Amino acid sequence: MNNELSLVVNQIEQALSLLHGTTSTNQQREESQKFLEEVKNRPNAHSYAIVIISSSNNNIVKHYALHIIETLVKTRWYEATDQEREIIKKEILEMMSRISAQEQKFIKEKLVTIIVEVIKRDWPQRWMNLLSSLIEISAISDTQTELVLLTFGQLPHDIIEGSATTNVLSDQRRKDLMAGINQAVSSLFEFFFKLLESRYTLYKQNEQQKIKNPQNVHLINVLLNTLGSYIEWIPSKVIFDHKLDHIFCQLLLDTPFRMGSCENLILFLNRKGRPDERIELLNTPFNLMEIFFNAIKNSSNFDDDYSFHKRITQALTLLGTVHLNAYDSKHKIPTNYSGYLQLMMQMFGHPSILLSSLAFPFWLALLKVDLEVSYKEELVKQILEIILSKFVRIGDPEKSDNEKSKFSQIDFATSKEWSSFYGGVRNRYHEIVKIITTQYHDTAYLFIINKIIEILESLKSNINLALSHEQALILESHSHFLENVLSTIKDLPCGPTFFNKSLQTNQVVTQQTEKALQLLFEINSLEPNVTAFQIDTLQVFTLYYQTNPDTIKFILNKIIVLIPFPGLDSPSKSIQNSVLHTRRKAISSLISISIALGDLMNPYSQTIYQSIMELFQKDAVNNTEKVMLFHLLIVFSNSLPTYQQVLAFNKEILGPIIELWLSPDMVATIQTPDSFIQNLGLNLPDDGNTDQIFINRRKTLYFVIAAIQMFWKKCTIPTNSSDENFAPFISNGISYYGKWPVSSFIKEVLPGLVTLIRTIHRLWDPVYKAKIHPSLSAIYSLDDAITNPLLGLDYSKDLKSESQNVTYVRNLLDTIRDGSYEIIGFGFTHSDELYGIKEIANILYDSVFSYLEFVENRHLKLIIKHVLAYLIKTCPSKLQSQIFDPILPLVFSIFFNRIKEGWEIIATRSQKIEKDEKTEIIDDKILRDFCLDFLSFAQIAFAQPYILTNPDITTPLAYSFTSCISAADFSIIKKAIALCCQLVELEKSDPRFFKLIASEIFGSCIKVLILNKTQEITPDIIALLRLIYIKYYQISNFPQEVLLQLPNITPQILQSFNQELVENKTEKAQKALFRKLLNDIIGINSTKLKKETIHDLPEKLYIQKVSSSSWIENNNQKDLSDLFN
């Protein structure tokens, strides 16, 4: 080594020492880093590296030397001389030859990477002896064997699957490499086979002698991993010649190698090819099926066994699906197929929900193929048995009271994660049950009805049995399963006659159905979960009731008496909740049955009505249950034939509710925010002693709004719309096809409703928020049940810290707000009365659209959903100017400001963790949802031509779009751009809109390109820019003026651009011209960047780095060129 080399090597060692030294200063580290980078890029840097590699024992220094060589190979290899390249190849092979077992892993990995990079550039043409050299080196020691195997393993992976460096290789170079590998594969696999044979023989000898040899075990696993790089694509003859398919199966029995062999089996079975070629791959695994059985029985430790079982399930599933996909009458059923099915059944029934789900593809494929086996129906019964057990929702990883949880604790981090996965899997179970029921409807039905009979007989003999939580879930799973089967049968050709006693060929169906119904009628349990199960089961038999209507009266007699189910006075909160659940289930089942049976229920309407009235008189149901019972009554009233009959019915039921609504106490309560706060006791401390007067007022307000809301939502026009000259119905000069009886009450309901909405809006005024007692201030915050999922946290009622009073008042405010909006919105769908009020625009302006500056974004979402959408859809054309003109400019301006300010806050917010970060996350997600809801509503608005004729309405709407385009959320941007395109296409070249579209929207798009430099949205932005420019540049100067503000565009360039647009008529060509023109501002190609949005929160708080300035309200910035300063 000459003096110069020695000096530089010493300097490198000193620099690395300072760079990694704990006592070095920042300046020393910076200078060292700068020096090392400079050395690395010297033309003769490899000479330093070779000296270091051959002489240094310092791992950090050696790694740096290898990094020098790697840089040369990747960036300057073809610039090096032949001599330099040969020296490097010789040195790295010599280093591989002398490397010791104690060498650090990162040194070995870097050496392998360098060899592979050189191979990709020089082999086989300029390194013909490479393979023989590597095989020779592998004989030196286990360490060299491992390095050679790693090299052979990485090479095809880099070439076939691609890597950052592979992408710089030419197509011809790739072809040369693949040709070299294909030519060498036979000798290469001969080397692999002999190595595996010798090493496995040694392993067996060690095992017999009880000698531990971890290095040999490790080497075999490295070899298996190397084989995995070739198995998918090498000629199958190579695999069969070396009996690797047999070997992979056999190695499943050896615990150390079972995962590696299983990985290779999966790759082997997943090889591409014609169906007959793929069938050939399956013979060995099917012939050796006993090995799979024994491999699964082998035990090491719980975690390792479970990991292997999941992987072998994937292999077995692949084996079966490949066979079924290629199966036809020409192919015989494979050997040991029944044993294979038995094994797959075990996997499908495994306690782990994840492992079980891995078998789904096979069973779905099997059920869809006409497999010629005599035992298929028996298989179907076993599948149904397993799925029924899987319907039981147990296995929460945060509970350890059952076997399933033990596996869930490995697969899922939280209950939420498990619950989400379980929901998706359960849907797939539904799919299988549906397929089976379609093919074997009698079998599927008799399976579940017999299971239910077994349960009912057991419950009958243990009438006072108190169910555990798991037992209650089992009952729920059975009724759910039955519902799935019957809903499928209903849609089959046999559905209408399935329960017809005279037409049903399988009398067992009828017998077992009647037996089950009889048991359901007979059992009278005080256990609410048992009763809920009875109700659920009775509810799903509507297909039976349609065919056998004489049973309806028995069903009603059974369910109606369960509405006031006893137990609400129980000291146990859990029992109270179960009782409430059962009572409401009884009502909802009656509603579902009544809707499903339609006219068949008419003979019983009077009985049901009298029963409900009796419950009301006895005060046997609470307010929520009363509202649900109103729904049941409405179902019957909707079938009444005439307007007068429905109106009379509504007056009888709604009359008392209207009286409460118009009572002096109610009127006084909702009149102003002050009276609302005082009359409901919101100014008093939350000390657990709320006066009963306040409690009653709160309950009454909730009940009245919920009841009116129910009538407005569920009532319909009478079936005989021509009755008594009410069709057509004329109101305010508009003709309607019928009159809604419920609309007759609008004059009594609307004044108070307007007042209430205005009062609720004003409650969010800081002046009135300050009048709420501090102990109740949490009523303005979202409930934990809503915020926890937004924050990625689990929610549990048991962990809730706030008082019931706070929760109730918050829910009350949310309910009356939501209900009031819906009453107004459904009033628009009724049309006849609301649009008949000449002052309706002023009324809306003074209520729903009043004090919007205090309304939160989550409430604006409700206004869009419940009010605006219906108003836009239903407003008669002749009234649109009268109603839209005073309302929509105000509303859309508020929307624009909320969207603009919201995204500007996100854009400029510090990324430091603040104490209110959770609030920011929630607000950001609400803003995102609000934007998406607003944009969906805008699509509805565009369906009304009048919207686009009034600049006062269109302008704030368009400005809102531009704010959305500047948002830090991909889905919002895409949707906003699409709407802008729609706006441009719908606009009739009205000069009043030229500046809005051709300057404001056009300029905003340019700004987004400048600031956001995000390639994913660039094509959409370019498409919008082209659309605007092509439409307006010849009739307006606005788009040219915007472009001329860009520093790279001159009048001459723009003139030439315009000429090119004329010459290139196709959309594709014009987009290319725009991209070329704007190339300097579009920025770098970042197509591979992840599209991050605030939807990723809270896992990742993503804040887009954009300027907080706005194109639309850009008062300080004179032109676009300022953006480049």
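Of the 1125 residues of this protein, 54% count as buried, and I should say at once that the model before us is predicted. The exposed surface comes to about 50,300 Å², and carbon and sulfur atoms supply 51% of that area. Along the principal axes, the C-alpha atoms fill a box of roughly 110 × 85 × 65 Å. The secondary structure amounts to 51 helices and 2 strands. As for the contacts between residues at least 6 apart in sequence, 76% of them join residues at least 24 apart.

Let me turn to the interior. The largest nonpolar core holds 363 residues, and those that touch the most other members are Trp 363, Tyr 445, Phe 541, Trp 661, Trp 712 and Leu 1078. Helix α42, residues 880-908, gives the most to this core, with 12 residues. What does Tyr 445 touch, leaving aside residues up to four places away in sequence? Its partners include Leu 482, Leu 486, Phe 498, Phe 499 and Phe 541. Phe 541, then, is a contact of Tyr 445 and is also listed among the core residues that touch the most other members.

Next, a region earlier in the chain. Helix α12, residues 244-251, is mostly covered, with 6 of its 8 residues buried. Those residues are Leu 244, Asp 245, Ile 247, Phe 248, Cys 249 and Leu 251. They pack against several helices, among them α9, α10 and α13.

Helix α13, residues 258-269, contains Asn 264. Is Asn 264 buried or exposed? Its relative accessible area is 2%, under the 20% cut-off, and therefore it counts as buried. A polar atom of the Asn 264 side chain lies 2.9 Å from the backbone oxygen of Gly 260. Beyond its sequence neighbours up to four places away, Asn 264 touches Leu 224, Leu 227, Gly 228, Ile 231 and Phe 248. Phe 248 is one of the buried residues of α12.

Helix α22 offers a check on geometry. At 1.5 Å a residue, its 25 residues, 415-439, should span 36 Å; the end C-alpha atoms are 36 Å apart, so expectation and model agree. Its buried residues include Trp 418, Tyr 422, Val 425, Arg 426, Tyr 429 and His 430. In general, an α-helix has 3.6 residues a turn, so residues three or four places apart point the same way.

Finally, Ile 693 lies in helix α35, residues 692-714. With a relative accessible area of 49%, Ile 693 is partly exposed, because that class ends at 50%. Ile 693 and Ile 159 are 534 residues apart along the chain, and their C-alpha atoms are separated by 80 Å.

Methods
Residues are numbered from 1 along each chain as its sequence is written. This is a predicted model: local features need pLDDT of at least 70, side-chain atom pairs count only at pLDDT 80 or more; totals for chains, interfaces and linings use all residues. Side-chain values use heavy atoms; hydrogens and water are left out. Helices (H or I, at least four residues) and strands (E, at least two) are DSSP runs, numbered from the N terminus. Buried means under 20% relative accessible area, exposed over 50%, partly exposed in between (1.4 Å probe, protein chains only). A polar contact is a pair of N or O atoms within 3.5 Å; within protein, one must be able to donate a hydrogen and the other to accept it, and residues adjacent in sequence count only if both atoms are side-chain atoms. Contact means heavy atoms within 4.5 Å. The expected span of a helix is 1.5 Å times one less than its number of residues. A nonpolar core is a set of buried Ala, Val, Leu, Ile, Met, Phe, Trp, Tyr and Cys residues joined through side-chain atoms within 4.5 Å. Accessible areas come from the Shrake-Rupley method with a 1.4 Å probe; for residues, only the protein chains shown count as cover.
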